[in-house]
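Colleague: Walk me through this one, please. I'd like to hear what each term rests on.

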Amino acid sequence: MATRQHYFSQPDSVEQVKIRLFKQLAYYCLGLHCLLLVLFWYCDILILALVNIGSVIAWSLGIKLLHQNKSHLALRLFCMEVTLHSIFVCATLGMDYGFQYYLWTIASLILLDYQLKLKIASAMALSLIVTFALLFELFSNVDHRFLFSELAPFIHFINVLICAIPSIYTIGHIREVTFSNRYQLAQLAAKDPLTSLFNRRYAKELINNAQENCINTSQQLTIIMADIDHFKNINDKFGHDIGDDVLIEVALKINKYTQESDIAVRWGGEEFLLVLVNCDLHHAQERVECLRRDIAQHIFHNHELQVTMSFGIAQWYPALPFRIAVKLADDALYMSKAQGRNRTTSAPLKAV
Ligand SMILES: Nc1nc2c(ncn2[C@@H]2O[C@H](COP(=O)(O)OP(=O)(O)OP(=O)(O)O)[C@@H](O)[C@H]2O)c(=O)[nH]1
């Protein structure tokens with residue numbers, strides 16, 4: 001069902017791609033009709049030259065509608081033009097030249113009028129195909145001789161080709177848009193929009209898989225809770241936007257120190273959870289220390305702004321419920337905060 005858009009809404013990305021595609025097709029058809037206009041004029045078939053003047057006007061108007069983002073009106077205008085053009089040319093020259101195939105092309109394109117319900121768009125497409133069949137019934141016996149009649153098979157072939165190009169081009173485009181939208185949706189579902197780290201909901205799925213993998217391969221898995229120190233002060237002093245920039249830069253640093261198999265998550269506002277796969281407590285401590293030192297030395301956002309982070313580390317093993325391991329890492333983080341921040345604390349091994 002067509003949804004009502006706000007007055008100030010811009011066409012969405014799919015609509016923009018569609019409009020761009022239609023513009024390309026419209027210019028292609030406009031050029032084609034200009035050529036046909038000259039050709040029919042040259043061959044002294046004035047009625048068809050006049051029809052093509054109408055076609056040129058219709059495609060020009062359609063292009064104007066596309067520039068106004070009214071793709072549905074443009075498409076309906078194109079549909080009408082193609083139908084009338086096919087009828088007039090077939091009625092005048094007969095069916096040998098292949099001008100009827102344009103009905104097939106527009107029948108598939110009309111389905112892209114998203115303002116029409118699918119049933120109505122399908123009925124319109126079907127009526128265009130019925131018109132195609134009727135043209136054969138009505139005009140198969142018409143045999144108009146003109147300058148290029150000898151070239152009928154060649155013109156027929158060219159028309160088939162000209163009709164196929166927009167269909168192939170459009171379906172190819174739809175395929176590209178579908179792929180890119182699918183990727184974007186997957187990213188939206190998985191990632192935190194500010195930092196591009198995994199969001200908490202999606203991370204749980206990844207962590208489950210990582211745990212299973214660790215059980216199967218007897219690898220170690222270490223959990224780290226990380227939190228920016230006095231982040232409220234940064235927001236208060238520099239503003240929320242700079243606070244956001246700090247979060248983005250911290251996420252970049254985290255990415256720098258994590259590997260492809262690790263899972264880096266924006267767990268809360270200024271809190272991050274890292275799951276280091278195939279990494280024991282000792283190596284996790286070394287890696288986290290490198291990250292902590294790098295962040296503490298970094299000048300954020302060219303604002304002479306320095307930020308520190310506190311970390312808590314806990315080792316996970318198969319008998320330990322994951323939420324308990326997170327709690328141990330969180331408690332260790334709390335210890336880091338309590339001991340003055342900008343430090344790393346590991347959950348005592350006996351607790352693990
Ligand atoms: N700019 C920005 N701030 C956020 C975002 N999410 C949460 N915050 C802020 O993060 C701050 C967290 O403050 P607190 O929980 O008091 O922690 P803190 O100031 O970092 O203090 P400690 O953790 O004890 O060192 C709050 O002021 C939140 O408004 C965000 O997406 N962007």
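Modeller: Pairing first: two strands pair if DSSP finds at least two bridges between them. The elements themselves are DSSP runs, numbered from the N terminus: helices are H or I over at least four residues, strands E over at least two. Bear in mind that this is a predicted model, in which local features need pLDDT of at least 70 and side-chain atom pairs count only at pLDDT 80 or more, while totals for chains, interfaces and linings use all residues. Residue numbers start from 1 along each chain as its sequence is written.

Colleague: What makes β2 and β4 a pair?

Modeller: There are 7 bridges between β2 and strand β4 (residues 271-277), and the rule asks for at least two, so they pair. They run antiparallel. To see it, find L221, which stands opposite V277 in β4.

Colleague: And how do you know that β2 pairs with β7?

Modeller: By the count again: 8 bridges, in the antiparallel sense, with β7 covering residues 309-316. I228 stands opposite M309 in β7, and T222 has Q315 across from it.

Colleague: What makes the sheet open, and in what order do its strands come?

Modeller: The order is β1-β3-β4-β2-β7-β8, 6 strands in an open sheet with mixed pairing. The edges are β1 (198-199) and β8 (344-346), each of which pairs on one side only. At one edge, β1 joins strand β3 (residues 263-266) in the parallel sense over 2 bridges, and F198 stands opposite V265. At the other, 3 bridges link β7 to β8, which also run parallel, with F311 facing T344.

Colleague: Why is β2 called largely enclosed?

Modeller: A residue is buried if 20 or more other C-beta atoms, placed from the backbone, lie within 10 Å of its own, exposed if 12 or fewer, and partly exposed in between. In strand β2 (residues 221-228), 8 of the 8 residues meet the buried cut-off, so the rest of the structure largely encloses the strand. In a regular strand the side chains alternate between the two faces of the sheet. Here L221, I223, M225 and D227 are buried on one side, and T222, I224, A226 and I228 on the other. β7 is mostly covered too, with 8 of its 8 residues buried. Across the whole protein, buried residues make up 30% of the 352 residues.

Colleague: Where does T83 fall on that scale?

Modeller: T83 has 18 C-beta neighbours inside 10 Å, so T83 counts as partly exposed. You'll find T83 in helix α3 (residues 71-93). Leaving out residues up to four places away in sequence, T83 touches L103, L128 and T131; being in contact means that two C-beta atoms, placed from the backbone, lie within 7 Å. T83 and L128 are 45 residues apart in sequence, yet 7.4 Å apart from C-alpha to C-alpha.

Colleague: How are α4 and α5 oriented to each other, and how do you know?

Modeller: Axes are lines fitted to C-alpha atoms, for helices over the stretch in contact, and angles run from 0 to 180 degrees between N-to-C directions. Under 35 degrees counts as roughly parallel, over 145 as roughly antiparallel, 65 to 115 as roughly perpendicular and the rest as oblique. The axes of α4 (residues 102-109) and α5 (residues 118-139) cross at roughly 175° and come within 8 Å. α4 and α5 are therefore roughly antiparallel.

Colleague: What classes of residue make up the contact of α4 with α5?

Modeller: Ala, Val, Leu, Ile, Met, Phe, Trp, Tyr, Cys and Pro count as nonpolar, Asp, Glu, Lys and Arg as charged, and the others, Gly among them, as polar. From α4, L103, W104, I106, A107 and S108 meet A125, L128, I129, T131 and F132 in α5. That contact has 8 nonpolar, 2 polar and no charged residues.

Colleague: And which residues come nearest to the ligand?

Modeller: D229, F231, K232, G243 and G269, out of 16 residues around the ligand; to count as near, a C-beta atom placed from the backbone must lie within 6 Å. By class, the shell has 4 nonpolar, 5 polar and 7 charged residues. Its largest share, 4 residues, comes from α9.
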